[in-house]
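Biologist: Could you pull up the model and walk me through it? I have a handful of questions.

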Amino acid sequence: MADIAAPTTPASEPDTTAAVALGVEPDIHGMVPTPGAHDDHGLVHGGGDHAGGEHGHATSTGLSNNKLAMWMFLGSECLLFGGLISTYMLYRGRHEGSPSPSQLYNIPLTSVSSFVLLMSSLTMVLAVSAAQRHDDRNTSTWLTVTALLGATFVGAQVFEFTEFYHEGLGFTTNLFGSSFFTLTGFHGVHVTVGIIMLMALVGMINRGKIPGNKAEVVEMIGLYWHFVDIVWIVIFTLVYLIPS
Amino acid sequence: MAIAERPSPVLARSGGTVLVTPSSSLGVFRRPVSSTGWRSWVFTVDHKKLGIMYGVAAFTFFIIGGCEALLIRLQLAAGSNKVLSAEAYNQMFTMHATTMVFLFVMPMAAAFANYLLPLQIGARDVAFPRINAFGFWCFLAGGVFLNTSWFLGGGPDTGWFAYAPNTSVAFSPTHGVDFWALGLQITGIASLTGAINLIVTVLNMRAPGMSLMKMPVFSWMILVVQFLLLFAIPVITVALFLLTFQRDFGAAFFSVDKGADPLLWQHLFWIFGHPEVYILILPSFGIVSEVLPVFSRKPLFGYKFVVFSGAAIGFLGWGVWAHHMFASGLGPVSVAVFSVATMAIALPTGVKIVNWTMTLWGGKLRFTTAMMFAIGLIIEFTIGGLSGVTHSVSPSDTQQTDTYYVVAHFHYVLFGGAVFGLFAGFYYWWPKVFGKMLSERIGKWNFWLMVIGMNLTFGPMHILGLQGQPRRMQIWTEFRAGDGFFNGAFWNLVSSIGAFILALGIFAFIVNVFLTYKKGEVTPGDPWDARSLEWMTDSPPKEHNFDSIPTVHALDEFFHRKYVEDEETGDLTLVTTYAEIMAEMEAKGDKNIHLPSPSYWPIVLALGLPIIAYGIIFNRLLSVFGAAVVLFAIFGWSLEPSVADASDYDPPVDGDNGESTKELATLG
């Protein structure tokens with residue numbers, strides 16, 4: 001068996017590059033779909049974690065499994081932030097022993113960093129669009145720019161936190177401090193996770209290591225990224241702009 | 001003949017050494033590919049194996065939680081027993097409830113859902129098999145982590161809803177509450193990932209022709225439950241994070257002395273906690289809706305009403321959480337609103353009870369054990385439901401709050417409801433899962449002991465509660481015990497005796513399982529003359545579930561393939577047998593079936609989480625290590641294709657270019 005297997009192994013490696021060059025996307029297993037080779041139900045429906053893309057088999061809703069799952073996850077995240085925002089709204093007036101929110105907040109700075117974060121959504125859209133055109137170089141570029149803009153936002157947040165700490169608001173100073181740092185900290189962690197995902201994606205694209213449908217992976221991380229931005233709009237409005 | 005492209009071990013072992021580069025992630029390990037031995041369980045992503053593992057683990061926790069309950073009843077058998085100290089008693093009732101809710105009923109429902117949902121909708125697996133495996137290991141890791149608190153300074157002692165300020169370090173100085181908060185956080189990840197996975201599975205992977213309104217009720221109820229989990233889990237996640245930040249990082253979210261509002265915890269907890277109640281009961285409602293039609297030989301009465309009332313319960317369940325807080329001084333408007341909303345939720349529940357009863361009406365009833373548990377559920381749940389309505393009336397509830405009346409109520413709905421439903425499911429689907437029938441004779445003992453036991457245990461608690469015996473007290477005093485019929489001492493003793501009868505019933509089940517395993521008869525594939533798709537395959541099913549995916553034309557597809565109903569008389573004529581249907585499906589079998597391959601990463605990722613949690617409690621350096629494990633596993637995972645490459649096998653096997661069918665292995 002082995003003597004047969006050895007010579008055939010290289011040939012049986014899925015030839016992904018050739019498929020992409022021909023403009024044919026590899027299916028979920030990195031194999032070029034051959035008409036008639038797969039019976040309609042031959043595959044596990046959406047046969048795995050990277051399945052169900054436009055080239056996978058039709059799903060009941062027409063949405064790919066991955067995208068539907070991401071939408072579900074983001075729906076769940078809404079309640080996570082809902083809980084954190086409610087906690088902050090309840091406690092924002094309880095700031096004994098520290099400056100009040102209106103004394104602390106540096107609205108011009110946060111406005112600029114918010115603008116930077118919103119612009120990163122634009123670059124994310126450009127990355128998705130490049131990925132759909134199978135333009136790896138521009139995809140990587142726009143993903144990197146998005147990550148840099150996100151990092152700028154996180155940097156501004158770190159700066160802001162340090163400033164607040166020097167002005168007398170620590171995590172344990174009072175309820176306002178605890179709930180403020182928890183809410184914005186959770187958002188900052190989400191952005192950071194997003195940056196890590198973007199950079200990992202850039203690395204994987206450059207090494208050609210993405211399992212499954214590349215454009216869809218980019219799009220999914222894009223969904224996450226836009227969600228994190230939208231949450232920030234809500235936080236920025238409720239926390240910074242509406243006076244307590 | 002269906003061919004699954006998975007090399008057989010025999011084939012893979014022959015031959016000499018070949019240099020290959022594994023396709024596995026990070027290039028560190030060859031990915032697991034074995035389909036036998038312990039590795040085939042630990043690294044599996046097969047929904048059926050995971051379902052069985054969920055079941056075994058959950059049942060183990062059930063026994064642990066049951067022993068905790070017996071200790072509680074031993075302590076309360078007499079007024080001033082000294083079986084448990086006050087501290088031990090507090091830990092015991094907290095862990096009893098936590099175990100039963102989070103480590104038994106929820107994962108047992110997940111066991112049924114995992115195993116049966118893909119089969120019922122005609123799919124070959126769930127949408128995300130590795131995430132499914134990850135969910136199981138998270139649940140197990142979280143449950144074991146939580147229970148290690150017994151050996152590391154004491155369990156949580158604040159009650160399962162952990163009200164502030166009892167949870168602050170001043171009132172609960174051991175690490176118990178930390179274990180509780182972090183353990184539930186980990187099991188919460190299991191629930192959340194499971195919810196996303198199953199929702200996508202139901203919405204996207206139904207067999208051709210199976211519209212949502214042709215889907216079995218069990219699958220429907222599981223879908224509703226997953227939506228409840230999806231939106232309820234993040235709320236308790238927030239609450240548990242705040243609690244952890246308070247206890248381990250110096251914040252004061254629930255410390256009244258620092259100006260905090262203790263009601264914040266109650267709101268967050270019950271916004272999760274009330275949907276949680278329906279998360280516990282709806283899977284059993286689904287099971288009963290499958291069992292009753294089969295053993296009445298009639299379609300479910302008012303299928304649409306059962307489905308929509310289940311969905312209605314799911315929606316209304318979000319608007320009633322504050323009925324747990326009537327005694328906390330919310331103010332008359334809130335109390336009135338939540339009171340009315342709570343009464344409203346009795347309506348869809350009543351609709352279900354009516355539909356089940358009408359399903360029985362005029363049916364050819366077969367009183368199997370599964371059927372008896374299902375009928376038991378209808379009766380016992382209705383009793384619990386009625387006492388529930390008395391809670392929705394806030395003036396009455398104010399009297400009942402924190403008394404044994406409440407304990408009586410939720411045990412009738414949870415034990416008489418959720419657990420009876422699960423036992424109906426055990427007896428009904430046991431031949432499906434294991435190919436052997438549980439003994440009906442021992443099953444009857446099991447059922448009657450449990451029914452008598454539960455009514456003796458929880459029935460008297462109504463009287464005790466109305467007499468004012470508070471819950472969560474490890475002693476009760478004789479002089480408040482009352483006279484005659486209302487004598488508390490008598491009813492406490494009855495309740496304790498009942499608990500042991502109940503335990504005997506559970507023991508009968510364990511004996512039944514053991515004997516069936518030893519010498520149970522191998523059953524035919526369709527022993528109950530069932531109605532839905534999960535029976536339209538072998539028992540136990542092949543690894544790929546169906547040789548060919550059936551096309552669905554009707555609700556109760558399998559039954560309609562077997563029988564034709566005479567339009568005038570309503571008589572059923574057998575037109576096709578089970579064996580003929582199976583032979584036809586095999587003849588039309590799919591040639592290429594790609595099943596997802598096993599993976600190391602789910603278990604590695606899940607085991608990183610309790611390391612982080614131990615680190616938060618004992619030493620932050622440990623957390624850094626745990627986080628590194630998690631990060632490593634995530635990268636390994638995302639670089640790994642869901643189906644193993646040819647070169648992952650040792651020696652490598654012929655890959656499949658999607659062009660040819662190879663007789664690599666026959667699963668069956």
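Biologist: What pattern does chain A follow, read along the sequence?
Modeller: Keep in mind that this is a predicted model. Chain A has 8 helices and 0 strands. Read from start to end, then, its pattern is α-α-α-α-α-α-α-α.

Biologist: Where is confidence lowest and where is it highest in chain A?
Modeller: On average chain A has a pLDDT of 80, with 76% of the residues at 70 or higher. The low end is helix H2 (residues 16–21) of chain A, with a mean of 36, and the high end, at 96, is helix H6 (residues 136–166) of chain A.

Biologist: And over which residues of chain A is the pLDDT below 50?
Modeller: That stretch still has 120 contacts in the model beyond near neighbours in sequence. Its pLDDT is below 50 all the same, and it covers residues 1–56 of chain A.

Biologist: Is His134(A) buried, exposed or partly exposed?
Modeller: His134(A) sits in the loop between helix H5 (107–132) and H6 of chain A. It's not a glycine, yet it has a positive phi of about 60°. Within 10 Å it has 13 C-beta neighbours, and a residue needs 20 or more to be buried and 12 or fewer to be exposed, so His134(A) counts as partly exposed.

Biologist: On to chain B. What is its mean pLDDT?
Modeller: Residues 655–668 of chain B stay under 50, with 38 contacts beyond four places in sequence. Even so, 91% of the residues in chain B reach 70 or more, and the mean pLDDT is 89.

Biologist: What radius of gyration does chain B have?
Modeller: Its C-alpha atoms fill a box of roughly 80 × 75 × 50 Å along the principal axes. For 668 residues, a compact globule would come out near 26 Å. Chain B agrees with that, at 26 Å.

Biologist: Which helix gives the largest share of the largest nonpolar core?
Modeller: That core has 242 residues, and those with the most contacts inside it include Ala58(B), Phe373(B) and Ala374(B). The largest share is 23 residues, and they come from helix H7 (residues 217–249) of chain B.

Biologist: Staying with Ala374(B), what is it in contact with beyond its neighbours within four places in sequence?
Modeller: Ala374(B) is among the residues with the most contacts inside the core. Setting those sequence neighbours aside, its contacts are Val288(B), Val291(B), Leu292(B) and Ala424(B).

Biologist: Are H8(B) and H9(B) roughly parallel or antiparallel to each other?
Modeller: The axes of helix H8 (residues 263–296) of chain B and helix H9 (residues 303–316) of chain B come within 11 Å. The contact takes Tyr278(B), Leu282(B), Phe285(B) and Ser289(B) from H8(B), and Val306(B), Gly310(B), Ile313(B) and Gly314(B) from H9(B). The axes cross at roughly 175°, and angles over 145 count as roughly antiparallel. H8(B) and H9(B) are therefore roughly antiparallel.

Biologist: Is Ile313(B) buried or exposed?
Modeller: Ile313(B) belongs to helix H9 of chain B. Leaving out residues up to four places away in sequence, it touches Tyr278(B), Leu282(B), Ile345(B), Pro348(B) and Thr349(B). It has 25 C-beta neighbours inside 10 Å, so Ile313(B) counts as buried.

Biologist: Now the backbone. Where is Pro165(B) found, the one with a cis peptide bond from Ala164(B)?
Modeller: The bond from Ala164(B) to Pro165(B) is cis, with omega near 0°. Pro165(B) is in the loop between helix H5 (129–147) and helix H6 (176–204) of chain B.

Biologist: Ala162(B) is found between H5 and H6 of chain B too. Is Ala162(B) buried or exposed?
Modeller: Although not a glycine, Ala162(B) has a positive phi of about 45°. There are 23 other C-beta atoms within 10 Å of it, which makes Ala162(B) buried.

Biologist: What is the omega of the peptide bond from Ser539(B) to Pro540(B)?
Modeller: Pro540(B) lies in the loop between helix H16 (488–519) and helix H17 (557–562) of chain B. The bond from Ser539(B) is cis, with omega near -10°.

Methods
Residues are numbered from 1 along each chain as its sequence is written. Chains are lettered from A and ligands numbered from 1 in the order in which they are written. This is a predicted model: local features need pLDDT of at least 70, side-chain atom pairs count only at pLDDT 80 or more; totals for chains, interfaces and linings use all residues. The radius of gyration is taken over C-alpha atoms; the globule rule is 2.2 Å times the number of residues to the power 0.38. A nonpolar core is a set of buried Ala, Val, Leu, Ile, Met, Phe, Trp, Tyr and Cys residues joined through C-beta atoms within 7 Å. Helices (H or I, at least four residues) and strands (E, at least two) are DSSP runs, numbered from the N terminus. Two residues are in contact if their C-beta atoms, placed from the backbone, lie within 7 Å. pLDDT is the predictor's confidence in each residue, from 0 to 100. Axes are lines fitted to C-alpha atoms, for helices over the stretch in contact, and angles run from 0 to 180 degrees between N-to-C directions. Angles under 35 degrees count as roughly parallel, over 145 as roughly antiparallel, 65 to 115 as roughly perpendicular and the rest as oblique.
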